[in-house]
Amino acid sequence: MADKDDIKEGKDFGIGIPQQNKPFYVKGAGALDWGMQNRLARIFNPASGRTVMLAFDHGYFQGPTTGLERMDLTIVPLIAYADVLMCTRGALRSVIPPSATNAIVLRCSGGQSILTELSRELIAVDIDDAIRINAAAITTQIYIGAEYEHQSIKNLVQLIDTGNRYGIPTMAVTGVGAQMKRDERYFSLATRIAAELGAHYVKSYFIEEGFERVCAGCPVPIVIAGGKKLPELDALTMAHQAIDQGAAGVDMGRNIFQSDDPVAMIQAVGAVVHSNEKPEKAFQLYQQLKARNVPDRTRVARSS
Ligand code: R5P
């Protein structure tokens, strides 16, 4: 039976103080339901409004990518510095400790490989499993202008509709076919199509010319992929330019896990994304952290 002893009548109702209904801070997400907004708040840090997503889903079509051969050794040490882990359910269940409290953005497409046509994907995860995994968002790729453009858009629509049913946001990834020109026209088109179809945020690539207009023309947040490995200062400069021109964060893989010091690099990226650190200062931070000479896993492995 409920304890009814010593129940006191409420008397402090804050009369005269209007209840606050703060607008939700994620771009284009003001009219979403509580569960959607809550999941987006796990992805986009409420303090900065931005996100550092660590992408390590590359194996779903290209196998053991450099830096991801042993995800237990290379990715697990980075978990503490990422807002989001973007990966497949296979990687998650096999190597990521369930005690990790990062938001999970689940790669839900598959069905092709580097040996076949990349745009020929299908939805490869059931929504039930995304819920079981406690995904904060689900994701698939659209290949605008590629051979299987239509199928990839169909995949996105399917994911958005099933996610909406359960309050799970969808991130659309703009996949770029080898024959596509990576320019303002292409990314404006691809990101806008994704947002108009209902994607809650979009992963794109940074471009030197016109990126600000790409972000402005997309009614939901854009995060940038890192792309191929660059020297650390160049990758930090790219992240800084993207943030400065309207990106809401990064979804970065190779430029972190293929860095000379991934733990230092992810912290330097975090300083750019969340604290508006200039690239040179962030690179200094990277060098300082690297110089601390924390034994890396290779040395530990060799000495044991
Ligand atoms: C690519 O297939 C994946 O979606 C990656 O998550 C994405 O490309 C980001 O990784 P990176 O920064 O290595 O380009």
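In the predicted model, helix α12 comprises the 13 residues 279-291, which at 1.5 Å a residue should span 18 Å. The C-alpha atoms at the two ends of α12 are 18 Å apart, in agreement with that expectation. The buried residues of this helix are P279, A282, Y286 and L289. These residues cover an arc of only 85 degrees around the axis, and therefore lie on the same side of α12. Q288 and A291, on the other side of α12, are exposed.

The cover over the buried residues of α12 includes two helices, α9 (232-244) and α11 (262-275). In general, a pair of packed helices is described by the angle between the axes and the distance between them. For α9 and α12, the axes come within 9 Å and cross at roughly 135 degrees. This angle makes α9 oblique to α12, since angles of 65 to 115 degrees count as roughly perpendicular and those over 145 as roughly antiparallel. The crossing by which α9 passes α12 is right-handed. On the α9 side, the residues that meet α12 are E232, L233, L236, T237 and H240. Their counterparts in α12 are P279, E280, A282, F283 and Y286. Among these, P279, A282 and Y286 belong to the buried residues of α12.

Helix α11 has 14 residues, for which a rise of 1.5 Å a residue predicts a span of 20 Å. Its end C-alpha atoms are 19 Å apart, which agrees. The buried residues of α11 are A264, M265, I266, A268, V269, G270, A271, V272 and V273. They pack against helices α9, α10 (254-257) and α12 and against strands β1 (51-55) and β10 (249-252). Thus α9 and α12, which meet each other, are also among the elements that pack against the buried residues of α11.

Residue N276 follows α11 and is placed in the loop between α11 and α12. Its phi is near 55 degrees, a positive value in a residue other than glycine. With a relative accessible area of 45%, N276 is partly exposed. A positive phi also occurs at N134, where the value is near 70 degrees and the residue is again not glycine. N134 lies in the loop between α5 (127-133) and β6 (137-142). The relative accessible area of N134 is 47%, so this residue counts as partly exposed.

Two strand residues were also examined. T170 lies in strand β7, which covers residues 170-174. This residue has 0% relative accessibility and therefore counts as buried, the limit being under 20%. Apart from neighbours within four places in sequence, T170 is in contact with I138, L156, L159, I160, A199, H200 and Y201. The C-alpha atom of T170 is separated by 13 Å from that of K154, and the two residues are 16 residues apart along the chain.

S204 lies in strand β8, residues 201-204. The relative accessible area of S204 is 0%, so this residue is buried. When residues up to four places away in sequence are not counted, S204 touches T174, F187, T191, I222, V223, I224 and A225. One of these, T174, is within the residue range of β7, the strand that contains T170. The contacts of T170, in turn, include Y201, which is within the residue range of β8.

Technical notes:
Residues numbered from 1 in each chain as written. Predicted model: local features only at pLDDT ≥ 70, side-chain atom pairs only at ≥ 80, totals over all residues. Heavy atoms only, no water. Helix = DSSP H or I, 4+ residues; strand = E, 2+ residues; numbered from the N terminus. Expected span 1.5 Å × (residues − 1). Buried < 20%, exposed > 50% of the residue type's maximum accessible area, 1.4 Å probe, protein only. Arc of directions from axis to C-beta. Contact = heavy atoms within 4.5 Å. Axes fitted to C-alpha atoms, helices over the stretch in contact; angles between N-to-C directions. Parallel < 35°, antiparallel > 145°, perpendicular 65-115°, else oblique. Left-handed = near helix turned anticlockwise from the far one by under 90°.
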